[in-house]
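Subject: Structure handover and notes

Hello,

Here is the structure you were due to receive. My notes follow directly below it.

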Amino acid sequence: MLKSVPNVTFRTRVRDEAIEGPNPFRWEDKTTADYFAGKRVILFSLPGAFTPTCSTYQLPDFEKLFPEFQAEGIDEIYCISVNDAFVMNAWAKAQGIEHVKVIPDGSGEFTRKMGMLVAKDNLGFGMRSWRYAAIVNDGQVEQWFVEEGFADNCETDPYGVSSPQTILEALKNPESVAA
Ligand code: BEZ
């Protein structure tokens, strides 16, 4: 698996108080370096914003456990999905997220270059991310947490290896989790 995260440009939408009207947001390009340079982060990737496991467990649990990750030397937690910036921002808002930062990989370029793009045509989703997470230090992958059964049009949605609980355990006891 890749040793470093790929260099891409993400098309984000950020709030801009200078913009009047009901939608005070503008486009802001952010690069891989903007997110990863000089930081030790958790990156987790999932099949889609607003989907049940991601909304009920994975995203809220990472949010709740953020202070524990900080205590283990993690600077940021990033949630990435093959969804556009409007969808990712709406999901973060709906979930009341304050600590986890969402990254829109609308074109799937980052996910494809990570080797994690899979077809989810069986769900009408098109190309999406396999569920995985990684500890990334200054752009270098320290440890991967990839769910079992990587496949196109997978009938199941394994979740456990990439949960925040598993990753915290690995950070606290580096010998305990083989990933
Ligand atoms: C889920 O998070 O539960 C889910 C993800 C992708 C497709 C269907 C469900």
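One term is needed at the outset: a polar contact is a pair of N or O atoms within 3.5 Å; within protein, one atom must be able to donate a hydrogen and the other to accept it, and residues adjacent in sequence count only if both atoms are side-chain atoms. By that rule, the side chains of Thr111 and Asp105 make a polar contact at 2.6 Å.

Some ground rules before the rest. This is a predicted model, in which local features need pLDDT of at least 70 and side-chain atom pairs count only at pLDDT 80 or more, while totals for chains, interfaces and linings use all residues. Residues are numbered from 1 along each chain as its sequence is written, and side-chain values use heavy atoms, with hydrogens and water left out.

The chain overall

The chain has six helices and nine strands. Helices (H or I, at least four residues) and strands (E, at least two) are DSSP runs, numbered from the N terminus. The C-alpha trace spans about 55 × 40 × 30 Å along its principal axes. The radius of gyration of the chain is 16 Å, which agrees with the value near 16 Å for a compact globule of 179 residues. That radius is taken over C-alpha atoms, and the globule rule is 2.2 Å times the number of residues to the power 0.38.

Of the 179 residues, 47% are buried. Buried means under 20% relative accessible area, exposed means over 50%, and partly exposed is in between (1.4 Å probe, protein chains only). The chain exposes about 8700 Å², and carbon and sulfur atoms supply 50% of that area. Accessible areas come from the Shrake-Rupley method with a 1.4 Å probe; for residues, only the protein chains shown count as cover.

Contact means heavy atoms within 4.5 Å. Among contacts between residues at least 6 apart in sequence, 62% join residues at least 24 apart.

There are 17 positive and 26 negative charges, and their mean positions are 4 Å apart. Lys and Arg count as positive and Asp and Glu as negative, with His and the chain ends not counted. The place of a charge is taken as NZ of Lys, CZ of Arg, CG of Asp or CD of Glu.

Buried residues

Back to Thr111, which is found in helix α5 (residues 109–113). Thr111 counts as buried because its relative accessible area is 0%. Leaving aside neighbours within four places in sequence, Thr111 is in contact with Val82, Asp105, Met116, Leu117, Arg128 and Ser129. Asp105 is thus both in that list and the polar partner of the Thr111 side chain.

Glu147 lies in the loop between β9 and α6 (164–172). Is Glu147 buried or exposed? Glu147 is buried, at a relative accessible area of 4%. The side chain of Glu147 reaches two backbone nitrogens: that of Gly160 at 2.9 Å and that of Val161 at 3.0 Å. With neighbours within four places in sequence left aside, the contacts of Glu147 include Trp130, Arg131, Pro158 and Tyr159 as well as Gly160 and Val161. Glu147 and Ala133 are 14 residues apart in sequence, and their C-alpha atoms are 8.7 Å apart in space.

Asp61, in helix α2 (residues 52–64), is also buried, with a relative accessible area of 14%. Outside its neighbours within four places in sequence, Asp61 is in contact with Pro164 and Gln165.

Partly exposed residues

Helix α4 covers residues 85–94 and contains Phe86. Phe86 counts as partly exposed because its relative accessibility is 46%. Apart from neighbours within four places in sequence, Phe86 is in contact with Arg13 and Trp27. Phe86 and Thr12 are 74 residues apart in sequence and 8.3 Å apart in space, C-alpha to C-alpha.

Ala90 lies in helix α4 too and is partly exposed at 36% relative accessibility. C-alpha to C-alpha, Ala90 is 9.2 Å from Phe50, with their positions 40 residues apart in sequence.

Phe50 lies in the loop between β3 (40–46) and α2. Phe50 has a positive phi of about 70° although it is not a glycine, and is partly exposed with a relative accessible area of 45%.

Asp138 lies in the loop between β8 (132–137) and β9 (140–146). Phi of Asp138 is near 50°, again positive in a residue other than glycine. The relative accessible area of Asp138 is 45%, so Asp138 counts as partly exposed.

Regards
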